[in-house]
Amino acid sequence: MLVFGNIGPKQCIKECMLHYGCNAVNYDSANLNCELLAFTSPNDTLLYWKGKHFSEINESVQNENSCWPNPCRGKTKCEAAYSNQFICVTYDNNRRAWSFETQYGRKIVIHFLAFSTEDCHDVLKIYTSLDKSSHLALCGTSIPTDIVSVDNTVHIEFSSDHSIRHTGFLIYLYTVTI
């Protein structure tokens, strides 16, 4: 499913609890690697094998917050947001694309803390609705004003030609009631 490096065993289990469909982990304590699994063989009792520890998380509990129990679906991770709200995040590092979703009846606000991309060559596209009919294409060095989603979803794509390096962008996301 997903692999994380440089992570402790408790954080490994927490990551699993926040990713939709994850119900077990392999943890390599020698290399601090965590593998999140969608485990389908409940009769398997493997607990330790060649330096890896296997653990199902069905009996684990997390401190109560907006991400527990996990309200997200699909290939997403729940991220706690301001005022006990949540955002469901889809990571796709191959395309440099991120999708965010929150509860119906709420909108997502994108606040820019920094923005610097190569003009017309490194473009940040922000789709402000689920059907992706409304989007903005941003580039350059001016910090954009806040962007508010049309519905409860936002999809962000970043493309770069890798020729000239700028510092990129830093955004802060939060939700508001419609």
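Q: Why does Lys-132 count as partly exposed?
A: This is a predicted model, and in it Lys-132 has 38% relative accessibility. Buried means under 20% and exposed means over 50%, with partly exposed in between. So 38% lands Lys-132 in the partly exposed class.

Q: Where is Lys-132, and what is its phi?
A: You'll find Lys-132 in the loop between strand 10 (123–127) and strand 11 (135–138). Its phi is positive, about 60 degrees, although Lys-132 is not a glycine.

Q: What makes Leu-32 partly exposed?
A: Try the cut-offs again: partly exposed sits between under 20% and over 50%. Leu-32 has 36% relative accessibility, so it counts as partly exposed. Leu-32 is in the loop between strand 2 (24–28) and strand 3 (33–37), and it has a positive phi near 55 degrees.

Q: How do you know that Leu-113 can belong to a surface patch?
A: Patch residues need over 30% relative accessible area. Leu-113, in strand 9 (residues 106–116), has 48%, so it passes that cut-off. Together with Leu-170 and Tyr-172, Leu-113 makes a nonpolar patch of about 300 Å².

Q: What makes Phe-112 part of a nonpolar core?
A: Core members are buried nonpolar residues joined through side-chain atoms within 4.5 Å. Phe-112 belongs to the largest core, which has 15 residues, so Phe-112 counts as buried, meaning under 20%. Along with Leu-124 and Ile-126, Phe-112 has the most contacts inside that core.

Q: Which strand gives the largest share of this core?
A: That's strand 9, with 4 residues.

Notes:
Residues are numbered from 1 along each chain as its sequence is written. This is a predicted model: local features need pLDDT of at least 70, side-chain atom pairs count only at pLDDT 80 or more; totals for chains, interfaces and linings use all residues. Side-chain values use heavy atoms; hydrogens and water are left out. Patches are made of residues with over 30% relative accessible area and no salt bridge: like charges are joined within 9 Å, nonpolar side chains (Val, Leu, Ile, Met, Phe, Trp, Tyr) within 5 Å. Accessible areas come from the Shrake-Rupley method with a 1.4 Å probe; for residues, only the protein chains shown count as cover. A salt bridge is a side-chain nitrogen of Lys or Arg within 4 Å of a carboxyl oxygen of Asp or Glu. Helices (H or I, at least four residues) and strands (E, at least two) are DSSP runs, numbered from the N terminus. Buried means under 20% relative accessible area, exposed over 50%, partly exposed in between (1.4 Å probe, protein chains only).
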